[in-house]
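Let's walk through this one together, starting from the outside and working in. Have the viewer open as you read.

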Amino acid sequence: MLLELQQTLAEKDALIAEQSAQIHDLLVQYNAKLAREFAKKSEKLPGAGEVFNEAEAELGTEQVDTLDAQDKALLTELPTLDKSLEQPKRKPLPVELPREEVVVDIDEADKYCDCCQGALHQMGQSCSETLEFVPAHIKVIKTIRPKYACRQCEQQGVKVAIKTAPMPATPIPKSMATPSLLSHIITCKYQFGLPLYRQETLFSDIGVMLNRKTMSSWMIRCADLLEPLYQRLKVSLLAQDIIHADETPLKVLKADKPTSYMWLYCCGDDAPKGNTNIVLYDYHNSRAGQCAVDFLAGFSGYLQVDGYQAYAQTDATLVACLAHIRRKFIEAKGNNKKTGKADVALNLIGKLYGIEQQIKGKSADDKYAIRQQKSKIIIDELHQWLLQHQDKIPPKMALGKAIIYALNQFEKFRRYLDDGRLSIDNNRAERAIKPFVIGRKAWLFSNTPHGARASAILYSLIETAKANDLVVHEYIANCLQGLADNPSDVESLLPWNIKQR
């Protein structure tokens, strides 16, 4: 009887423990949802370029009593940067802008001294500059081609030869659109997120009737014209040693599957530093790994990605992203103000980012040496902490899921120690795909797969131009006219060659 009672109590205790864990997990999910909707969205941690106050000093020692001694020891101060705060200062207006001088003088009657009534002389002047906006205007280019004929042949000959200059090459033959107009429509939609129906309204306001269907057709034809340049950029991208990749969903109305995906591949840096900077989008009506396999055919270098398993099907050496590992622990922490076990992992991750901030701008060899000296120790500590808590935290809890995810990605993540050219995270791709995500909120969907493919090409050229510090409108216009003049001359239109034209 006693044994049955003890067994019943044990079962109830187990049930209560399971229910408590479920309640805790639901509370964590609820807090995480509140944080996603209302809390600060930035994932930047103290130590990654900002002043850090000790966690215990910020929150009080009574809030870390739930941590064991080893975890408390890991909550040490993060590296900080010695940054002096500078007062914001207005930059001078560009000297190349046209200037109109407006003299604001006192009346002639006031140019006499109030004391002795003597005439005043000009001792100097004060100047200030303001910006005036002149609305864009459109002009019509009327192309006149004189025709010539022989009078003698007209009077005596059987045939009359008429000579006239050939029509100048245009991106879209027999269209009224010039490269400048096409580039304007492209940049408005794909760089600034202005859908074609809004552009239709803007054009009508200045007396030009441009149908959105016509502009949509122009976009597709421009993408077809620019595709050889896109393919040439792809060859250069696959020749790099390091590529970053990501993907994001896209709704295409007339596609076979309800959800399509825009895949992104990039190299270099989004802040031009003299190296090869390429950003390419690739549309597919699928998220299957074969999409990445087909695009990256022949590439066997480093591929920095998130935890999506499809990339493992490629021949590349995968390097995982610490930002995604960090995000899991931030979600596990939610909006809980108390210091807990998630803060231990976040503290160690913050140290790694602090080191990366300190070595920013150094050579690859210097980065490798410093990472081996400083980062490797912290990574080993983080790995040991994850292993120690793997069995202590229920896997269904948010923190348990974060630990499992981190351990699954850890060997791929720590590969960034092996080469100073590698990044600690995949934020290069995250930043590169963000313009597409922002633009998608404005135009919502693509109508056809052909249109989505055109969008991928146009987004690629715009983001690549931005990454190479080019004026996007001028670059797109130059590419359109250059390929219209000579479709085989792609090399001169590459971003790093266009300045030589």
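How much area does the chain expose, and what share of it do carbon and sulfur atoms supply? About 30500 Å² is exposed, with 54% supplied by carbon and sulfur atoms (Shrake-Rupley areas, 1.4 Å probe). Keep in mind that this is a predicted model, where local features need pLDDT of at least 70, side-chain atom pairs count only at pLDDT 80 or more, and totals for chains, interfaces and linings use all residues. Residues are numbered from 1 along each chain as its sequence is written, and side-chain values use heavy atoms, leaving out hydrogens and water.

Now for the inside. Of the 501 residues in the chain, 40% are buried (under 20% relative accessible area, 1.4 Å probe, protein chains only). The largest nonpolar core (buried Ala, Val, Leu, Ile, Met, Phe, Trp, Tyr and Cys joined through side-chain atoms within 4.5 Å) has 73 residues. Helix H7, residues 212-238, gives this core its largest share, 11 residues (helices being DSSP runs of H or I, at least four residues, numbered from the N terminus). A second, separate core holds 40 residues, including Ile378 and Met397.

Ile186 is among the residues with the most contacts inside the largest core. Beyond its neighbours within four places in sequence, Ile186 touches Met219, Cys222 and Leu458, among others (contact being heavy atoms within 4.5 Å).

Finally, look at H9 (residues 322-333) and H10 (residues 341-358), whose axes lie 9 Å apart at about 150 degrees (lines fitted to C-alpha atoms over the stretch in contact, with angles from 0 to 180 degrees between N-to-C directions). The pair is therefore roughly antiparallel (over 145 degrees). Residues meeting across this pair include Phe329 from H9 and Leu346 from H10.

Conventions: Buried means under 20% relative accessible area, exposed over 50%, partly exposed in between (1.4 Å probe, protein chains only). Helices (H or I, at least four residues) and strands (E, at least two) are DSSP runs, numbered from the N terminus. Angles under 35 degrees count as roughly parallel, over 145 as roughly antiparallel, 65 to 115 as roughly perpendicular and the rest as oblique.
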